[in-house]
Amino acid sequence: MGENEASLPSTSLQGKKMAYQKVNADLRPSGHSQYLDSDDLQATALDLEWDMEKELEEPGFDQFQLDSAENQNLEHPETSDLNLDSIQPATSPKGRFQRLQEESDYITHYTRSAPKSNRCNFCHLLKIFCPATILFIFGILIGYYAHKVCPSDSTTSGTNDPQLYQEILQTIKAEDIKKYFRNFVQLYKSEDDMEISKKIKAQWTVLGLEDVKFANYSALLDLPGPSSSTVTLSSSGQCFYPNGQPCNEEAIVGSSQDLLHSYAAYSAKGKLQAEVIDVSYGTADDLKRITRMKNVTNQIALLKLGKLPLLYKISLLEKAGFGGVLVYIDPCDLPKSKNLTSGTFMVTLNPGGDPSTPGHPSIDGSFRQSQANLTSLIVQTVSASLVEKLISLPKPRTSHEVCSPLELPYKETRTVSVQVQTVTKFKTITNVVGYVTGLTSPDRYIIVGSRHQAGYTYHGQEWASSTAIITAFIQALMLRVKKGWRPDRTIVFCSWGGTILGNIGSYEWGENFKSVLQKNAVAYVSLHSPIRGNSSLYSVASPSLQQLVIEKSKFNCTRRAPCPKPNVSCVQIQGDADYFINHLGVPTVQFAYEDLHSLQGPSFLSEAIFPVHATKTEEMDPFFNLHEAITKLSGEVILQVANEPVLPFSALDTALAVQNSLKGDEPSVLQLLAVASHLRDSAEFFQSDEMRPANDPKERAPVRIRMLNDILQDMEKSFLVQRVPRGFYRNILYHLDEKTSRFSILAEAWERCKLLTSNETFHEALSDVWNTINSAQVYFKAGLDVFESVLVEKN
């Protein structure tokens, strides 16, 4: 990465001194928080104390005395109610003087001798006027400060003020998002990823974001070849492009690029002639039925997209012995409003990151595997209109007819020749990373991710919505930061490259900083594909964040219709959140607008990447009001997670999600219910006895708050498993879809038993789930024990 490397914000990496509260260094206890123990902070605090002492030396201040309660707090800071959130910038002594003026003894102790005069009348008037004026002024001060929370009794610096959040969000305007969107889409024809990245970096820098840098990675990409792939009917010799257009006709102007991008990235290359066998959706039941009736070795599977992850279905077909796959979307699975019968699309067979450096960042020094294909199958995406020609439908279906799913007649045989010609080459993937450093916990990161694309990877412009939304929020945030405000925790903004080819940019960056992120990443907010429709707000969130998401959705529902019930789930999603969910166990949230009919259709249709052009995006949201709503919803969650003294995560909701995932008829599930019950008891006790008191400012202690947040931040890591089927999440809290409430790996293993003679796979999955639940229960129990031991030591 060299000079372009974007590092994470920290005082040591960036060489910037953070401004902290004015803490007397020589009175600080040895057990103080690690974030107040740096040499830079000691120097800052001592310099400030020296400057303030000189200001306090003026006449009259030597007689000022603090009351006994305040002396006790200053002499024993470890027993005071100070919190990290109350730290103020060290450049302003205002906080200390405010503290002095709040004391009840301030008027009686702070006195000055009146200047002597020979004029008795003047002295007499002055004796009357001065006390009256002083009493009036201090009456106002006392009344003012009576409504303010005393800094020593509060653990917050005022950053977690809901009114402040609204002031920031009110500056987000649809007109600004529309302007950013149109500026970005003008760059889509660029063949160089760096041109778009430079535009984003320049825009973020102008807005004031700190230390905006590139993070470059050289990755192996699978790109379209010089000509489109083809499918030829052996019986007639007719050749077709993936969209169903005959090869002997010139490509329609404007769609030639779409034809080139109709492919399956990282498929095997070459030509295969074989019989087409309809496997429907490629489920375990489908394959069991097909393999009993036909010999599938080296044949071509006709596969519908949806219901299960494509990678999983490809792995099943590969094990069954197929040689190739034609992937399509059945029109009956799409809303009637979407006429995609002849639409071309692409998919990726890359589970994530640079295929040449799996598990490691693709930087100098990493070993690279020579792996151009990620499957032995020749895989090609085709349109529904081409499938209709393959199965020889007697007549095209009209919109007035009842939709009949496409199906190849069992007794009929179709032989085709599929030719896939893509090119693999190493290219630079660029991420753009900038941040706003936190005030009290600069080493705790809330990561916000959007994406950008270059012309060589995809012709679509859907990414511009994502980039425009994150830029608009940065603009609103930096307007407040420039006035002196900062969030308590650091907010990291990332624009990822290489997303559609397998989330390459986010994976490589995550692998590069894995050791740091495992310890310090608090939450991930995804802006992957915010506008996919215009009829329904759809949210995906970790169980621990769902309460917060529901709360924000209710407050921000549209005024055009009654506020619907918030649609929040915890299911697998597409995009760059993948690495943070499955490898770091970071709580994640994503807001998006969808078509209601799309939500009711089969899952995993979003794996198909259609060329969404700028005109289509503006048709769905002509006034960019939906863009504005997503920006404000995401922004409010970002602000609250970045500023709340206690992280707004629910431990009990996580335990309840585990119990709900055990509702099934599989055998041996009863043995999981016992450990799940123990997990719920521990989580409930933790939430009621530790989290609830911590939300009372009078009962907060900095050490306990830090311990509490560490437990909340890391609790999802317990639910990561190592062995999962291809395409399944390693984080078992996420389900395949909303229709399936059971643990995905248990449901899949139970279905796989139908193909295998033994149930060993199911028992392995059962053991994995049991271990994760038990690990989470032990984690909460250990946290409670630590809190109890701290209480015993204090008593």
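How many disulfides does a search of the whole structure find? In this predicted model, the search turns up two. Numbered in sequence order along the protein chain, the bonded cysteines pair up as 1-2, 3-4. In other words, Cys239 goes with Cys247, and Cys332 goes with Cys403.

Take Cys239 and Cys247 to begin with. Their sulfur atoms sit 2.1 Å from each other. The torsion about this S-S bond comes out at about -60 degrees, so the disulfide is left-handed. As for the surroundings, Cys239 has a relative accessible area of 24%. Buried would need a value under 20% and exposed a value over 50%, so Cys239 ends up as partly exposed.

Next up is the link between Cys332 and Cys403, where the two sulfur atoms are 1.8 Å apart. The torsion about the S-S bond is -95 degrees here, and this link is left-handed. This pair ties together distant parts of the chain, with the two positions 71 residues apart in the numbering. Cys332 sits in the loop between β7 (324–328) and β8 (347–348), while Cys403 belongs to the loop between α13 (384–390) and β10 (415–420). How open are these two ends? Cys332 has a relative accessibility of 25%, so it counts as partly exposed. Cys403 comes in at 39%, so it is partly exposed as well.

Two other cysteines are worth a quick look. Cys494 has a relative accessibility of 0%, so it counts as buried. Cys570 reaches 8%, which still means buried, because the cut-off for that label is anything under 20%.

Now for a residue of another kind, Thr381. Is Thr381 buried or exposed? Its relative accessible area is 0%, so Thr381 is buried. In terms of secondary structure, Thr381 is part of strand β9, which covers residues 378–381. So what does its side chain reach? One partner is the side chain of Ser262, with which the side chain of Thr381 makes a polar contact at 3.2 Å. The side chain of Thr381 also gets to the backbone oxygen of Phe345, at 2.8 Å. Both partners turn up again among the residues that Thr381 touches once those up to four places away in sequence are set aside: Pro242, Ser262, Tyr263, Val327, Phe345 and Val347.

Methods
Residues are numbered from 1 along each chain as its sequence is written. This is a predicted model: local features need pLDDT of at least 70, side-chain atom pairs count only at pLDDT 80 or more; totals for chains, interfaces and linings use all residues. Side-chain values use heavy atoms; hydrogens and water are left out. Helices (H or I, at least four residues) and strands (E, at least two) are DSSP runs, numbered from the N terminus. Buried means under 20% relative accessible area, exposed over 50%, partly exposed in between (1.4 Å probe, protein chains only). A polar contact is a pair of N or O atoms within 3.5 Å; within protein, one must be able to donate a hydrogen and the other to accept it, and residues adjacent in sequence count only if both atoms are side-chain atoms. Contact means heavy atoms within 4.5 Å. A disulfide is a pair of cysteine sulfur atoms within 2.5 Å.
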